[in-house]
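Colleague: I have a few terms I would like explained. Could we go through them one by one?

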Amino acid sequence: MYLKRLRDLREDADLKQSDIAKILNITRQQYGLYEIGRRDLPIEFLKVLSQFYNVTSDYILELTNNPK
């Protein structure tokens with residue numbers, strides 16, 4: 001599951017959930033639901049986050065361990 005990868009990327013960048021929520025134009029609570037798996041991450045958010053973190057979407061989805 002990609003949940004740990006989302007959290008790890010955020011924490012490695014020293015960001016809070018509220019910081020990522022602002023980037024996605026959603027509330028911190030909504031983003032928190034994505035990180036704990038209570039909601040599926042929309043594909044448009046996956047694209048934004050992969051560009052923001054400068055990694056591939058396959059890396060976020062844990063299909064590869066190579067971030068590029």
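Modeller: What follows is a short round of questions and answers on the terms used here. This is a predicted model, where local features need pLDDT of at least 70, side-chain atom pairs count only at pLDDT 80 or more, and totals for chains, interfaces and linings use all residues. Residues are numbered from 1 along each chain as its sequence is written, and side-chain values use heavy atoms, with hydrogens and water left out.

Colleague: Why is isoleucine 23 called partly exposed?

Modeller: Buried means under 20% relative accessible area, exposed over 50%, and partly exposed in between (1.4 Å probe, protein chains only). Isoleucine 23 has 36% relative accessibility, so it counts as partly exposed.

Colleague: And why does threonine 56 count as partly exposed?

Modeller: Threonine 56 is at 27% relative accessibility, therefore it falls in that class.

Colleague: What makes the buried residues of helix H4 lie on the same side?

Modeller: Helices are DSSP runs (H or I, at least four residues), numbered from the N terminus. In H4, residues 43-53, the buried ones are Phe45, Leu46, Leu49, Ser50 and Tyr53. They cover an arc of only 135 degrees around the axis, so they are on the same side of H4; the arc is that of the directions from the helix axis to the C-beta atoms. The face turned away from that side carries the exposed residues Lys47 and Gln51.

Colleague: Which residues does threonine 56 touch, not counting those up to four places away in sequence?

Modeller: Ser50, Thr64, Asn66, Pro67 and Lys68. Contact means heavy atoms within 4.5 Å. Threonine 56 itself lies in the loop between H4 and H5.

How values were computed
Helix = DSSP H or I, 4+ residues; strand = E, 2+ residues; numbered from the N terminus.
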